[in-house]
Amino acid sequence: MMHQEGLSQESDLQDYSFLDSFNTQDSVDDFTDPSQGASSQARWTNETASEISQTHDSTVSDLVPTDLHFEDMLDEEVDRIHDVPDYACRYCSIHNPACVVRCVSCKKWFCNSRGNTSGSHIINHLVRAKHKEVCLHRDSPLGETILECYSCGCRNVFLLGFIPAKTESVVVLLCREPCASSSNHLKDMHWDITQWQPLINDRSFLPWLVKVPSEQEQLRARQISAQHINKLEEIWKTNPESTLEDIDKPGVDDEPLPVMLRYEEAYQ
């Protein structure tokens, strides 16, 4: 009995000193109030979002120049289109002297660029206005010259062509009818009539006669459609000094109201 009772006392007096190694206060501190945790988490989220937003704004402000004004750039582009010399193309404003020609009949300048149309601007104008004579610019490689037949003086560019001389590195402008088709009066000259070629090919002047504007010049030029060209040519019949901006004015394209031969009352 004594032995068993002693064992029981010893088991009741076991050493629990190892529990002292744990910091009870630290363990308590680890278990915080859930409401306080959500509040601190929300505060941390708001502060972090604010810092990210400020960092993003500062980064964007560093990348985008502060002196960039798109309205000023647009105004400069508009001024550039309008601030062109008198010999600029009346369609697209290209003003390279080697690329423009003057219509002798109306004194307007046009370029040899196609733009958004199937033919060059000068050919479009000549066909729609039924004009036939052109003059090169004085600063062009061939100088200020009215294109005409060397033999008879015909100035119809739709009839004019050229033939190379046999012994000289020059070309001669001749009309198709009657000069190029009849070689009787040209037999004493060193010209090969069989090599006659028209000045207009594929609805534009040959590039050695009137140069085609470069791709960069065409990209910077004013873009005009065939529909706008037709409207502008119609306006020029009544007002030759009209510009491309006039076709957008109200009433320009309005059809006249139909009228009746007889009215039954004055309020019809």
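This report walks through a predicted model, starting with the overall picture and then zooming in on helix α5 and a few other spots.

## The big picture

The protein contains eight helices and six strands. Going along the sequence, they come in the order α-α-α-α-β-β-α-β-β-β-α-β-α-α. Of the 268 residues, 28% are buried. If you look at contacts between residues at least 6 apart in sequence, 51% of them join residues at least 24 apart.

How confident is the predictor? The average pLDDT over the protein is 76, and 62% of the residues score at least 70. Residues 1-13 have a pLDDT below 50, and this stretch has zero contacts in the model beyond near neighbours in sequence. The story repeats for residues 24-32: the pLDDT is below 50 there, with zero contacts beyond near neighbours in sequence. A low score and an absence of contacts go together in both stretches, residues 1-13 and residues 24-32.

## Helix α5 and what sits on it

Now for α5, which spans residues 121-129. Its buried residues are H121, I122, I123, N124, H125 and L126. What covers them? The cover for the buried residues of α5 includes the strands β1 (100-103), β2 (109-111) and β3, along with helix α8.

Take I122 to begin with, a residue of α5. Its relative accessible area is 0%, so I122 counts as buried, the cut-off being under 20%. Leaving out neighbours within four places in sequence, I122 is in contact with V101, F110, C111, N112, V134 and F205. V101 lies within the range of β1, and F110 and C111 lie within that of β2. There is also a long hop in sequence here: I122 and R203 are 81 residues apart along the chain, yet their C-alpha atoms are 9.2 Å apart.

H125 also belongs to α5. Its relative accessibility is 1%, so H125 is buried as well. Not counting residues up to four places away in sequence, H125 touches Y91, C103, C106, F110, K130, H131, E233 and W236. F110 turns up in the contact lists of both H125 and I122.

## Where α5 meets α8

Two of the partners of H125, E233 and W236, belong to helix α8, which covers residues 226-236. The axes of α5 and α8 are 11 Å apart and make an angle of about 50°. That angle makes the pair oblique. The crossing of α5 over α8 is right-handed.

Which residues do the touching? On the α5 side they are H125, R128 and A129, and on the α8 side I229, N230, E233 and W236. Sorted by class, this contact is made of three nonpolar, two polar and two charged residues.

W236 has another partner further on. S242 is found in the segment after α8, and its contacts are R90, L232, I235 and W236, not counting residues up to four places away in sequence. With a relative accessible area of 2%, S242 is buried. S242 and L232 are 10 residues apart along the chain, with 7.7 Å between their C-alpha atoms.

## Backbone oddities

A few backbone angles deserve a look. K130 follows α5 and has a positive phi, near 60°. K130 is placed in the loop between α5 and β3 (134-136). Is K130 buried or exposed? With a relative accessible area of 71%, K130 is exposed.

D202 tells a similar tale: its phi is near 55°, again a positive value in a residue other than glycine. D202 is found in the loop between β6 (197-198) and α7 (215-220), and at 56% relative accessibility it counts as exposed.

Finally, there is a cis peptide bond between E177 and P178, with omega at about 5°. P178 is part of helix α6, residues 176-180.

Here are the relative accessible areas side by side.

| Residue | Relative accessible area | Class |
|---|---|---|
| I122 | 0% | buried |
| H125 | 1% | buried |
| S242 | 2% | buried |
| D202 | 56% | exposed |
| K130 | 71% | exposed |

Terms used:
Residues numbered from 1 in each chain as written. Predicted model: local features only at pLDDT ≥ 70, side-chain atom pairs only at ≥ 80, totals over all residues. Heavy atoms only, no water. Helix = DSSP H or I, 4+ residues; strand = E, 2+ residues; numbered from the N terminus. Buried < 20%, exposed > 50% of the residue type's maximum accessible area, 1.4 Å probe, protein only. Contact = heavy atoms within 4.5 Å. pLDDT = per-residue confidence, 0-100. Axes fitted to C-alpha atoms, helices over the stretch in contact; angles between N-to-C directions. Parallel < 35°, antiparallel > 145°, perpendicular 65-115°, else oblique. Left-handed = near helix turned anticlockwise from the far one by under 90°. Nonpolar A, V, L, I, M, F, W, Y, C, P; charged D, E, K, R; others polar.
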